[in-house]
Structures are given as C-alpha cells and as structure tokens.
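The exercises below are to be worked with the sequence and the model at hand. Each task is followed by a solution in steps.

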Amino acid sequence: MLYLLVNNYKIYQEGKYHMIRQGENQENKKDKSSEVMEKLLKTRTIFISGEINQELAEKVSTQLLLLQEMGEEPIKLFINSQGGHVEAGDTIHDMIKFVKPKVLVIGTGWVASAGITIYLGADKENRYSLPNTRYLIHQPMGECRGQSTDLSIEAEQIIKVRKRVNSIISEATGQPIERVEQDTDRNYWMNASEAVEYGVVNKIISSYDELPTV
C-alpha cells in the first residue's frame, strides 16, 4: 500500500485515492472512551486504574460530584492502582467522604500506597475485595533537592505526611497506631484474606450480585 502525506492528510492509493486525516483514529478512540464512561456513569460506577495523579483526582472528584447530583443511590468505585501522588490520593479519599451517596469500593488486582488511602475513604462496611487482590501499606516516599534549609523543611513535611497516613490507616482499620507505624516502616503486603484480618477489607466477593443494591 502506498500513501503520501500532504497537509496532515494521508492519501492512500488503492486504484483510487482515499483521504484520511491524521488523528482520526485517536478521535475515534476518544469517542469510544467517552461512550464507555457515559455508560459507566449511568450505572453509577467509577473505575480507578493505574497511577494516582492530579489529573485522575480531578476526574474522579468530578464524577463523584456528578453522580451525587444524579441521585442518592450508592456509587460503586472499583480500584486497581499501584499508588502515586499522596495529595491526589487524599483528594479522592476526602471526596468519597464528602459526597452524600454511599460509596462502595471494590479492590481488584492490587491496591497499594496512595491507592490504600483512597480505598479507606469508604466506611468499613462498604469496603469489598475481589479474591485475588493484593494490598500494600508503607510509608510515603519523597524526593527533595535544594539548599540544606529546604531539605530540612521537606524532610519535616514527609514525617508529617507519614503520621497523617498512619492515622488514616489506624482509624479505618481499628489497628493500634503503634502497630501501623511498625508495619508501614517497610512494604507490608496482604492478600485479600489477610486484608480482612487487618481491617482493611470488610468482605471478599466473587460476583457482582454480592454487592448491596440499596
């Protein structure tokens, strides 16, 4: 197949010319993505996947507020994330608590680091897990550069963040703060059953029908 590139158009020669604007495929993908998102919102479902960042925090917060305006039925939030930006996770955590509808969180794949903070935004009775999900708690990581004074300030902030995150985990799980501080000093992995014992997860489910409908 031969083609020429002219003014952002690909001109294909297959007996006759066909002009296809570059970026058309990308636009089609965006349209399909928007269509999927619209269908999910109609079922009051949100899906968090991948790195936690500011863009994701804005997207999920917007969806939560939109679903609140659409009704008071429970919102289902599936999460599969390796973690990411601490404050972005805090934003979603707080927004889960802020909106009026009950938010059911379902862990799938893995829920780690800032993902745990989001997951624990839901009340304990509303925290579910698929059978093969893994959970990770640890101390927040930070990277800082600059003058010694700035490094001291940043180090102090990291310590404050760690205390705050540990407090969130302790309050949400019922574990003593001393144990949480010890466990988060290094990577602390849990499978779904261990997460139930720790107080992270309320119930392991295997099918959609096991979620409450009201």
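**Exercise 1. Aromatic pairs**

How many aromatic pairs does a search of the whole structure find?

Solution. The model is a predicted one. The search of the whole structure returns four aromatic pairs. Two of them are worked through here, using a general scheme: a pair of aromatic rings is described by the distance of the centres and the angle of the planes.

Task: classify the pair formed by Phe-47 and Phe-78, and place both residues in the chain.

Step 1. The ring centres of Phe-47 and Phe-78 are 6.1 Å apart, with 15° between the planes. Planes under 30 degrees apart count as stacked, so the Phe-47 and Phe-78 pair is stacked.

Step 2. Phe-47 belongs to strand β4 (residues 45-52) and Phe-78 to strand β5 (residues 75-84), so the pair ties together parts that are 31 residues apart in sequence.

Step 3. Buried means under 20% relative accessible area. Phe-78 has 16% and is therefore buried. Phe-47 has a relative accessible area of 42% and is partly exposed.

Task: repeat the procedure for Tyr-188 and Tyr-198.

Step 1. These two rings lie 5.5 Å apart, centre to centre, and the angle between the planes is 50°. The Tyr-188 and Tyr-198 pair is tilted, because planes under 30 degrees apart count as stacked, over 60 as edge-to-face and the rest as tilted.

Step 2. Tyr-188 is in strand β9 (residues 188-191) and Tyr-198 in helix α7 (residues 192-198), ten residues apart.

Step 3. Tyr-188 is partly exposed at 25% relative accessibility, whereas Tyr-198 is buried at 3%.

**Exercise 2. A charge over a ring**

Over which ring does the charged end of Arg-134 sit?

Solution. The ring is that of Trp-189, and the charged end of Arg-134 is 4.1 Å from its centre.

**Exercise 3. The cavity**

Task: characterise the largest cavity by volume, lining and residue class.

Step 1. The structure has one cavity of 30 Å³ or more. The volume of the largest cavity is about 90 Å³.

Step 2. Its lining consists of Val-86, Ser-113, Ala-114, Ile-116, Thr-117, Leu-136, Ile-137, His-138, Gln-139, Pro-140, Val-165 and Ile-169.

Step 3. The elements that contribute two or more residues to this lining are α4 (114-119), β8 (134-137) and α5 (148-173). Helix α4 gives the most, with three residues.

Step 4. Sorted by class, the lining has eight nonpolar and four polar residues, and no charged residues.

Task: describe the surroundings of the lining residue Thr-117.

Step 1. Thr-117 is part of helix α4. Its relative accessibility is 7%, so Thr-117 counts as buried.

Step 2. Leaving aside residues up to four places away in sequence, Thr-117 touches Gly-89, Asp-90, His-93, Val-165 and Ile-168. One of these, Val-165, also lines the largest cavity.

**Exercise 4. The whole chain**

Which share of the residues counts as buried, and which share of the contacts joins positions 24 or more apart?

Step 1. The protein has 214 residues, of which 38% count as buried. Its secondary structure comprises seven helices and ten strands.

Step 2. Among contacts with a separation of 6 or more, 66% are between residues 24 or more positions apart.

Step 3. For a single distance, take Thr-43, in the loop between α1 (24-42) and β4. The C-alpha atoms of Thr-43 and Pro-74 are separated by 10.0 Å, with these positions 31 residues apart along the chain counted as their separation. Thr-43 is partly exposed at 40% relative accessibility.

Notes. Residues are numbered from 1 along each chain as its sequence is written. This is a predicted model: local features need pLDDT of at least 70, side-chain atom pairs count only at pLDDT 80 or more; totals for chains, interfaces and linings use all residues. Side-chain values use heavy atoms; hydrogens and water are left out. On a 1 Å grid over the protein atoms alone, a cavity is a set of points where a 1.4 Å probe fits but cannot get out, and a pocket is an open set with protein on both sides within 12 Å along at least five of seven lines; lining residues have an atom within 4 Å of a point. Grid points are joined across faces, edges and corners, and a volume is the space filled by probe spheres set on the points. Helices (H or I, at least four residues) and strands (E, at least two) are DSSP runs, numbered from the N terminus. Ala, Val, Leu, Ile, Met, Phe, Trp, Tyr, Cys and Pro count as nonpolar, Asp, Glu, Lys and Arg as charged, and the others, Gly among them, as polar. Rings of Phe, Tyr and Trp (its six-membered ring) pair if their centres lie within 6.5 Å; planes under 30 degrees apart count as stacked, over 60 as edge-to-face and the rest as tilted. Buried means under 20% relative accessible area, exposed over 50%, partly exposed in between (1.4 Å probe, protein chains only). A charge sits over a ring if NZ of Lys or CZ of Arg is within 6 Å of the ring centre and within 35 degrees of the ring normal. Contact means heavy atoms within 4.5 Å.
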